[in-house]
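Q: I would like to learn how to read salt bridges, strand order and burial in a model. Could you take me through them one at a time?

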Amino acid sequence: MENIKSYVQQHKDRFINELIELLKIPSVSADTAYSQDVIDTAEAVKESLSKAGCDLVEVCDTPGYPIIYGEKIIDPNLPTVLVYGHYDVQPPDPLELWTSPPFEPVIKTTDIHPEGAIFARGACDDKGQMYMHVKALEYMVQTNNLPCNVKFMIEGEEEVGSASLAWFVERNQEKLKNDVILISDTGMISNQQPSITTGLRGLSYVEVEVTGPNRDLHSGLYGGAVANPINILAKMIASLHDEDNHITIPGFYDKVQELSAEERAEMAKAPFSLEKYKNALNIADVYGEKGYVTNERNSIRPTLDVNGIWGGYTGEGAKTVIASKAFAKISMRLVPNQDWVEITELFTKHFTSIAPAGVTVKVTPHHGGQGYVTPIDSIGYQAANKAYTETFGVPAIPVRSGGSIPIVALFEKELKSKTILMGFGLDSDAIHSPNEHFGIFNYLKGIETIPLFYKYFVELSK
């Protein structure tokens with residue numbers, strides 16, 4: 001594969017332009033107003049897989065948005081790599097914080113990306129990273145360097161819980177049969193130091209509703225005499241953490257896996273500057289659970305965060321009301337051994353129990369998933385590490401991510417396969433935030449590195 005660098009450079013502009021066209025389609029799965037755009041993106045992904053060299057590409061119907069399945073089988077006796085990605089994106093809100101329109105991709109230079117980065121919703125999560133695999137396949141097919149079989153499964157509901165993916169996987173186990181699963185929906189430490197994500201946190205996402213009086217009330221006539229749902233909700237949420245930022249839900253930590261001092265010491269070897277971390281976020285200090293450092297708080301420890309809270313009058317001017325209802329969306333990031341269904345039940349039981357008699361509480365679960373840890377002694381991990389080492393010049397560092405990809409645990413349960421997380425994004429890429437972007441360097445380096453994974457995985461599998 002000596003000519004991969006020259007192939008990437010030769011087709012660089014086309015690779016970038018193709019991704020830009022894909023990013024223009026606003027495939028927001030959480031908002032039904034974008035339903036046709038999501039469908040259009042699925043068709044675009046199908047076409048790109050066909051052009052890249054898949055012999056079979058299908059738009060597979062599901063109870064929700066379609067899954068695009070593609071394959072290139074060169075020899076049934078050779079190993080098979082299953083590539084997973086998603087073509088849906090997060091909502092772009094708040095729009096006023098974007099420096100350029102979220103679905104009008106532009107290339108801008110930054111301190112971290114002096115060669116430029118593509119700014120658009122989905123640039124890194126996950127259209128850019130998914131499309132690296134499509135272009136890597138193109139290279140391997142065009143240059144006769146594909147060393148094994150490859151299958152693609154690209155879904156359109158990752159940002160809303162992947163309900164249809166679970167349905168699809170359970171019904172297509174033979175179609176999806178593989179030796180290893182390859183995903184690029186994570187990041188790496190820096191453009192100089194690659195890393196491989198070996199752990200993911202699980203997730204429980206709920207919405208809560210607190211109801212007081214049967215209508216909005218005049219705050220002068222009724223204030224102080226009836227429970228204010230917004231005040232009550234704020235107090236209830238505040239009580240979910242103690243003074244050490246420890247979560248107060250009974251039973252929440254019962255199954256949390258504590259890492260040994262040796263494991264925590266290995267994690268501490270990853271390059272990290274607390275001052276740079278604070279400066280990048282423009283904060284005076286970090287904040288979190290007592291007894292753990294920043295890189296532990298955001299990866300190996302469970303968390304509970306309010307993602308949105310609303311109620312009452314929020315328009316211009318004043319309206320003196322006690323709102324009838326108050327709402328909040330809450331996510332809990334979980335570590336391996338914590339079951340998201342059990343945690344959701346514990347949260348529901350606790351949250352309803354702490355409500356005063358003057359209000360009623362409703363908890364609505366949205367979605368969730370289990371945590372995951374992949375062993376670093378697996379063939380897949382070793383192949384990924386060799387690939388990174390060759391293209392970056394230094395070995396990758398194993399890290400645990402604070403993010404969640406719930407379907408990884410599903411894959412191991414249903415397909416009996418290990419997943420390798422080869423991410424090329426950076427923490428600074430602003431995924432799920434305004435001004436999301438993906439470095440040109442990272443995009444092209446991914447296309448360059450992925451074919452080497454195939455090469456080494458086949459060699460190590462013999």
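A: Let us begin with one charged pair: Arg171 forms a salt bridge with Glu170, their closest N and O atoms being 3.9 Å apart, where a salt bridge is a side-chain nitrogen of Lys or Arg within 4 Å of a carboxyl oxygen of Asp or Glu. This is a predicted model, in which local features need pLDDT of at least 70 and side-chain atom pairs count only at pLDDT 80 or more, whereas totals for chains, interfaces and linings use all residues. Residues are numbered from 1 along each chain as its sequence is written, and side-chain values use heavy atoms, with hydrogens and water left out.

Q: Is Glu170 buried or exposed, or something in between?

A: Buried means under 20% relative accessible area, exposed over 50%, and partly exposed in between (1.4 Å probe, protein chains only). Glu170, at 42%, therefore counts as partly exposed.

Q: What do Glu18 and Lys135 form with their side chains?

A: They meet in a salt bridge, at 2.8 Å from N to O. Helices (H or I, at least four residues) and strands (E, at least two) are DSSP runs, numbered from the N terminus. Glu18 lies in helix H2 (residues 12-23) and Lys135 in helix H4 (residues 127-142), so the pair ties together parts that are 117 residues apart in sequence. Glu18 is partly exposed at 24% relative accessible area, whereas Lys135 is buried at 4%.

Q: In what order do the four strands of the open sheet lie?

A: Two strands pair if DSSP finds at least two bridges between them. Here the order is S11-S13-S9-S14, with antiparallel pairing. Strand S11 (303-311) and strand S14 (360-369) stand at the edges, each with a single partner strand, so one side of each is left without a neighbour in the sheet. Eight bridges join S11 to strand S13 (residues 325-334), and Asp305 stands opposite Ser331 in S13.

Q: Where is Ala326 found, and which residues is Ala326 in contact with, leaving aside its neighbours within four places in sequence?

A: Contact means heavy atoms within 4.5 Å. Ala326 is found in strand S13 and is buried, with a relative accessible area of 1%. Beyond those sequence neighbours, the residues in contact with Ala326 include Val208, Val210, Ile230, Leu233 and Trp310. The C-alpha atoms of Ala326 and Asn231 are separated by 8.8 Å, although the two residues are 95 apart along the chain.
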